[in-house]
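This briefing is meant for a reader who meets the structure for the first time. Please look over the sequence and the model before reading on.

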Amino acid sequence: MATPLVQRLLDALEYPFPFQGDAAAVAKLVSWVEDRKIRLWEIEKRAPLRTAGDAFDAAFQSYLSELECPVLQPSQALVWLLHEAVKCELEDEAARPAVADVDEARVAKLCASLGADDLTSACARVAAKNGNGDPTDALRLFYVSDLRRLQDGINSVLVKGQNFVANPKTNAALGKVGR
């Protein structure tokens, strides 16, 4: 059975299988973490990590040494490996480029909300409405809308990080929040 710390790490990584803590489950977990999160070794080299046994033990020690794991005890090494996987997951999330695709349906919806058929007429309509002849006001509205979407994405990443780090436990019977 997984300790509360290991279970929190597995939840943060969205590990899809139940973890019992036996040798087969550890091999399955290590294989999954390497395949999905860390990706240090080439696919062919990962084969010994897939099944429990002597080959797994030797491959796991080699794997940990390549990751420069400072822990020697196997149970602590597994926790360290899960922390490393979370770190890799967060680095991948941060390195994922923001795609600047133009969502035509969204532009059409925004233009329609301004009472225009296309972006050019929407800019002209906003400029005429404001009386300053400046079509950048409509573009500014689109920009603010895009910033709102970006902020929503950043907020979701922060929530994921806070769920991993904070993870408060509520005990309603005692009437207090905390561990």
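What follows goes from the whole chain to one helix, one pocket and a few single residues.

The model described here is a predicted one. Its protein chain holds seven helices and two strands, and, read from the N terminus, these elements run in the order α-α-α-α-α-α-α-β-β.

**The chain as a whole**

- The protein chain has 179 residues, and buried residues make up 27% of them.
- Of the contacts in the protein chain with a separation of 6 or more, 41% are accounted for by residues 24 or more positions apart.
- The surface that the protein chain exposes comes to about 12,000 Å², and carbon and sulfur atoms supply 58% of that area.

**Helix α4**

- Helix α4 covers residues 74–95, which is 22 residues, and its first and last C-alpha atoms are 31 Å apart, close to the 32 Å expected at 1.5 Å a residue.
- The buried residues of α4 are Ala 77, Leu 78, Val 79, Trp 80, Leu 81, Leu 82, Glu 84, Ala 85, Val 86 and Cys 88.

**The second largest pocket**

- The second largest pocket encloses about 360 Å³ of space, and 16 residues line it, with Asp 11, Ala 12, Leu 13, Lys 160 and Phe 164 lying nearest its centre.
- Helices α1 (4–13), α4 and α7 (136–165) each supply at least two residues of this pocket's lining, and the largest share, five residues, comes from α7.
- By residue class, the lining of the second largest pocket divides into six nonpolar, three polar and seven charged residues.

**Arg 46 and its contacts**

- Arg 46 has its place in the loop between α2 (23–38) and α3 (54–66).
- Arg 46 counts as buried because its relative accessibility is 9%, which is to be read against a limit of under 20% for buried residues.
- When neighbours within four places in sequence are left aside, Arg 46 is in contact with Glu 34, Asp 35, Arg 39 and Trp 41.

**Glu 66 at helix α3**

- Glu 66 lies in helix α3, and it counts as partly exposed because its relative accessibility is 37%, a value between the limits of 20% and 50%.
- Outside its neighbours within four places in sequence, Glu 66 is in contact with Leu 40, Trp 41 and Lys 45.
- One of these partners, Leu 40, is 26 residues away from Glu 66 along the chain, and the C-alpha atoms of the two are separated by 8.5 Å.
- Trp 41 appears in the contacts of Glu 66 and also in those of Arg 46.

**Two loop residues with positive phi**

- Glu 14 is found in the loop between α1 and α2, and its phi is near 60°, a positive value in a residue other than glycine.
- Glu 14 counts as exposed because its relative accessibility is 58%, where exposed stands for over 50%.
- Glu 68, which lies in the loop between α3 and α4, likewise has a phi near 60°, again positive in a residue other than glycine.
- Glu 68 is exposed as well, because its relative accessible area is 67%, and exposed stands for over 50%.

Notes
Residues numbered from 1 in each chain as written. Predicted model: local features only at pLDDT ≥ 70, side-chain atom pairs only at ≥ 80, totals over all residues. Heavy atoms only, no water. Helix = DSSP H or I, 4+ residues; strand = E, 2+ residues; numbered from the N terminus. Buried < 20%, exposed > 50% of the residue type's maximum accessible area, 1.4 Å probe, protein only. Contact = heavy atoms within 4.5 Å. Areas by Shrake-Rupley, 256 points an atom, 1.4 Å probe, with all protein chains shown as cover. Expected span 1.5 Å × (residues − 1). 1 Å grid on protein atoms, 1.4 Å probe; cavity = no way out; pocket = protein on both sides within 12 Å on 5 of 7 lines; lining within 4 Å. Points joined across faces, edges and corners; volume = space filled by probe spheres on them. Nonpolar A, V, L, I, M, F, W, Y, C, P; charged D, E, K, R; others polar.
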